[in-house]
Amino acid sequence: MGGNEMNYIQEAFDTNWIAPVGENINVFEQELETYLGNKKYVAALNSGTAAIHLGLILLGVRAGDEVICQSMTFAASANPILYLGAKPVFIDSETKTWNICPIALEEAITDRITKGKKPKAIIVVHLYGVPCQIELIRAIADKYDIPILEDSAEALGSKYNDRPCGTFGDIAIFSFNGSKIITTSGGGAIVTKTKQFKEKAIFLATQAKDNRPYYQHSEVGYNYRMSNISAAIGRGQMEVLDSRIKLRRKINVFYKDLFKDIPDVTVFESTDKAGFSNCWLTTILINSNNNKGITNEVLRLALESENIESRLLWKPMHLQPLFINYPYYGGNVSENLFKKGLCMPSGSNLTDVDRERISKTVKSVFEI
Ligand SMILES: *Cc1c(COP(=O)(O)O)cnc(C)c1O
């Protein structure tokens with residue numbers, strides 16, 4: 001925590017706004033709007049997943065529609081497509097940023113159109129905080145007139161050509177889950193281009209009550225609004241966001257330093273120079289043909305035996321039992337990343353002692 005969270009929570013208690021309504025929510029939203037700039041509107045919700053669900057509804061996705069989605073991501077990017085009875089179409093990654101491949105994307109769009117199903121939306125992700133090639137993707141989306149849902153769950157504070165991630169999509173979303181760069185314990189936000197869309201998102205997130213003195217409903221509603229207590233935490237966290245980004249970027253430098261003498265390992269760095277990453281998680285690739293037979297899983301287990309948690313990369317959606325029967329376009333880029341990659345411990349609270357332990361364990365595994 002940053003320090004002021006408890007003060008804002010106390011304010012909520014003092015004013016008795018213990019509800020999904022209150023001053024903290026309004027201020028947290030305003031602060032996010034100011035942070036993003038570019039005339040964006042923000043509605044605070046109770047998860048990033050909820051934000052994707054409402055985002056797809058606002059973009060007009062209905063049962064039977066097709067929605068394109070980056071394959072290499074967390075399942076929460078794709079699950080809301082199924083909530084709506086729509087059909088995901090998965091796309092491989094490119095090697096520059098590990099995000100949605102523009103070539104495979106265009107191939108998929110033209111092929112789906114040929115098959116008589118123009119996709120209703122494109123879900124792109126800035127994986128691990130690394131911005132996707134959003135300008136190329138925007139050009140393709142505009143060419144075929146398909147809206148973009150920008151999943152910035154991992155990328156608050158990242159930028160592309162100096163413009164914040166979360167401002168490129170027709171709809172964008174953030175997550176404030178406990179694991180993300182800032183947290184409200186659980187929470188999320190939807191970013192819209194118009195005030196009408198923001199109001200519609202809040203309407204849907206609060207059970208879609210018609211404007212009547214009694215409870216009347218003409219549409220399906222959801223219980224997706226952020227609580228005033230969570231928003232209190234969010235306000236405190238906004239004050240330390242910039243320092244958190246600096247910390248995460250320092251951790252990335254620590255790993256570059258640690259692995260520079262280990263030829264079988266590369267710390268991932270985007271080669272798209274327009275992107276600025278918040279370095280939410282530092283990831284590495286291990287050349288598994290190395291003569292020591294050390295794979296990502298070998299290193300993960302070695303770290304685990306020292307009580308150090310690392311994680312394999314997101315397993316691509318097109319390889320998941322849940323999604324295996326849906327269309328997929330691309331090659332084996334994301335599959336290879338999954339086979340070779342590892343997310344290193346990257347928490348903002350990593351101490352010098354922690355780093356020393358990580359360093360020692362890694363060096364002993366690679367025998368240097
Ligand atoms: C965390 C995450 C989500 C979901 O956010 P929640 O707030 O946990 O619902 C969606 N997409 C990606 C890429 C994420 O990392």
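**Contacts, burial and helix packing in a predicted model**

User: Leaving aside its neighbours within four places in sequence, which residues is Q133 in contact with?

Analyst: Q133 is in contact with E94, K96, T97, P102, Y160 and D272, where contact means heavy atoms within 4.5 Å. This is a predicted model, in which local features need pLDDT of at least 70 and side-chain atom pairs count only at pLDDT 80 or more, while totals for chains, interfaces and linings use all residues. Residues are numbered from 1 along each chain as its sequence is written, and side-chain values use heavy atoms, leaving out hydrogens and water.

User: Where is Q133 placed, and why does Q133 count as buried?

Analyst: Q133 lies in the loop between β4 (121–125) and α6 (134–143); helices (H or I, at least four residues) and strands (E, at least two) are DSSP runs, numbered from the N terminus. Buried means under 20% relative accessible area, exposed over 50%, and partly exposed in between (1.4 Å probe, protein chains only). The relative accessibility of Q133 is 9%, so Q133 counts as buried.

User: What makes I68 buried, and which residues does I68 contact outside its neighbours within four places in sequence?

Analyst: I68 has a relative accessible area of 0% and is therefore buried. The residue belongs to strand β2 (residues 66–70). Beyond those neighbours, I68 is in contact with V89, I91, I100, L105, A108, I109, P119, A121, I122 and I123.

User: Which UniProt annotations cover K180, and why does K180 count as buried?

Analyst: The unreviewed UniProt entry marks K180 as "active site" and as "modified residue: N6-(pyridoxal phosphate)lysine". Such positions are given in the numbering used here, feature names are shortened, and annotations may be inferred rather than shown by experiment. K180 sits in the loop between β8 (171–175) and β9 (188–192). Its relative accessibility is 11%, so K180 counts as buried. Not counting residues up to four places away in sequence, K180 touches A153, E154, S175, R248 and W280.

User: Why is α1 called roughly antiparallel to α8?

Analyst: Helix α1 (residues 5–14) packs against helix α8 (residues 228–238) at about 150 degrees, with axes 7 Å apart. Axes are lines fitted to C-alpha atoms, for helices over the stretch in contact, and angles run from 0 to 180 degrees between N-to-C directions. Angles under 35 degrees count as roughly parallel, over 145 as roughly antiparallel, 65 to 115 as roughly perpendicular and the rest as oblique. The pair α1 and α8 is therefore roughly antiparallel.

User: What is the hand of the crossing of α1 and α8?

Analyst: The crossing of α1 and α8 is right-handed; that term applies if the near helix is turned clockwise from the far one by less than a right angle, and left-handed if anticlockwise.

User: Why are α3 and α7 described as oblique to each other?

Analyst: Helix α3 (residues 48–58) and helix α7 (residues 195–205) pack at about 120 degrees, with axes 10 Å apart. That angle falls in none of the other classes, so α3 and α7 are oblique to each other. Their crossing is right-handed.

User: Which residues meet where α3 packs on α7?

Analyst: L54, I57 and L58 of α3 meet F197, K200, A201, L204 and A205 of α7.
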